[in-house]
Amino acid sequence: MTQLVVNLSISIFSLLLGFARAEELNGILSDYQDSSELMRLCAKAGGPSVGVSRELFTVLESAQELSRLTDGAFDVTIGPVTRLWRLARKSKRLPDPADLAAARALVGYRMMELNPLNKSVKLAKPGMRIDLGGIAKGFTADEILDQLRREDLPRSLVALGGDVTCGDA
């Protein structure tokens with residue numbers, strides 16, 4: 001019985017570490033939190049390069065590669081357009097065509113420059129905004145699975161808002 005209690009305690013602790021990692025990554029990658037590292041980067045768009053965390057740089061580097069492979073069909077710099085459509089959904093009114101055109105002028109993965117030597121990012125134009133909605137959950141799930149593997153829980157399932165990632169079989 002003692003061994004069962006110890007194993008259960010270790011498992012609960014490991015799960016808490018996974019939840020803590022998810023919260024930490026949300027504070028880095030969220031475009032809904034003004035205080036996130038991502039939004040602090042976006043606030044400096046049009047200025048000099050900004051040093052970022054390993055996690056944010058890794059996600060942006062992966063996003064850039066996907067953008068290149070899809071010739072821009074996947075593009076995390078879509079943030080200004082996403083923002084207009086979120087406001088439209090709330091107000092139940094379509095975005096103004098001129099606003100959409102202005103937002104589209106701020107989109108383009110080639111305007112996001114990554115420097116792997118010092119893990120810095122430069123967003124070329126003021127007003128650029130990054131939306132990691134198409135990649136952040138997958139990265140977060142992989143990070144949580146890695147955390148659980150380190151805690152000797154390789155056979156795990158991580159579900160994040162409908163996105164599910166499985167550990168070792």
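User: Where in the chain is the place of Tyr32?
Analyst: This is a predicted model, so local features need pLDDT of at least 70, side-chain atom pairs count only at pLDDT 80 or more, and totals for chains, interfaces and linings use all residues. Residues are numbered from 1 along each chain as its sequence is written, and side-chain values use heavy atoms, with hydrogens and water left out. Helices (H or I, at least four residues) and strands (E, at least two) are DSSP runs, numbered from the N terminus. With those elements assigned, Tyr32 falls in the loop between α1 and α2.

User: Is Tyr32 buried or exposed?
Analyst: Buried means under 20% relative accessible area, exposed over 50%, and partly exposed in between, using a 1.4 Å probe and protein chains only. The relative accessible area of Tyr32 is 61%, so Tyr32 counts as exposed.

User: What distance separates the C-alpha atoms of Tyr32 and Asp131?
Analyst: Along the chain, these two residues are 99 residues apart. In space, their C-alpha atoms are separated by 9.4 Å.

User: Is Leu38 buried or exposed?
Analyst: Leu38 belongs to helix α2. Among the residues that Leu38 touches, leaving out those up to four places away in sequence, are Leu29, Leu56, Ile130 and Leu132; contact here means heavy atoms within 4.5 Å. Its relative accessibility is 0%, so Leu38 counts as buried.

User: What is the order of the strands in the open sheet?
Analyst: Two strands pair if DSSP finds at least two bridges between them. Strand β1 (residues 50–51) meets β3 (residues 120–123) through 2 bridges, and β2 (residues 112–115) meets β3 through 4 bridges, again in the antiparallel sense. The edge strands, each pairing on one side only, are β1 and β2. That gives an open sheet of 3 strands in the order β1-β3-β2.

User: Which residue in β3 stands opposite Leu114?
Analyst: The bridge partners help to set the register: Gly51 is matched with Ser120, and Met112 with Leu123. Opposite Leu114, strand β3 places Val121.

User: Which residue in the turn of the hairpin formed by β2 and β3 has a positive phi?
Analyst: The two strands of this hairpin have 4 residues between them. One turn residue has a phi of about 50° although it is not a glycine, and at 32% relative accessibility this residue counts as partly exposed. The residue is Lys119.

User: What is the distance between the end C-alpha atoms of helix α3?
Analyst: The expected span of a helix is 1.5 Å times one less than its number of residues. Helix α3 (residues 54–69) has 16 residues and should therefore span 22 Å. The end C-alpha atoms agree with this, being apart by 22 Å.

User: At about what angle does α3 run to β2?
Analyst: Axes are lines fitted to C-alpha atoms, for helices over the stretch in contact, and angles run from 0 to 180 degrees between N-to-C directions. Helix α3 lies across β2 and β3, and its buried residues include Leu56, Phe57, Val59 and Leu60. To β2, it runs at about 125°.

User: Which element gives the most to the largest nonpolar core?
Analyst: A nonpolar core is a set of buried Ala, Val, Leu, Ile, Met, Phe, Trp, Tyr and Cys residues joined through side-chain atoms within 4.5 Å. This one has 27 residues, and Leu29, Leu41, Leu56, Leu60, Leu123, Ile130 and Leu132 touch the most other members. The elements giving two or more residues are α1 (2–29), α2 (37–43), α3, β3 and α6 (136–150). With 5 residues, the top contributor is α3.

User: How many residues are in the second, separate core?
Analyst: This core includes Ile144, Leu145, Val158 and Leu160. Its total is 7 residues.

User: Is Asp71 buried or exposed?
Analyst: Asp71 follows α3 and lies in the loop between α3 and α4 (79–91). Its phi is near 50°, a positive value in a residue other than glycine. With a relative accessible area of 62%, Asp71 therefore counts as exposed.

User: How many disulfides does the count come to?
Analyst: A disulfide is a pair of cysteine sulfur atoms within 2.5 Å. Cys42 is buried, with a relative accessible area of 9%, whereas Cys166 is exposed, at 54%. By the distance rule, the number of disulfides is 0.
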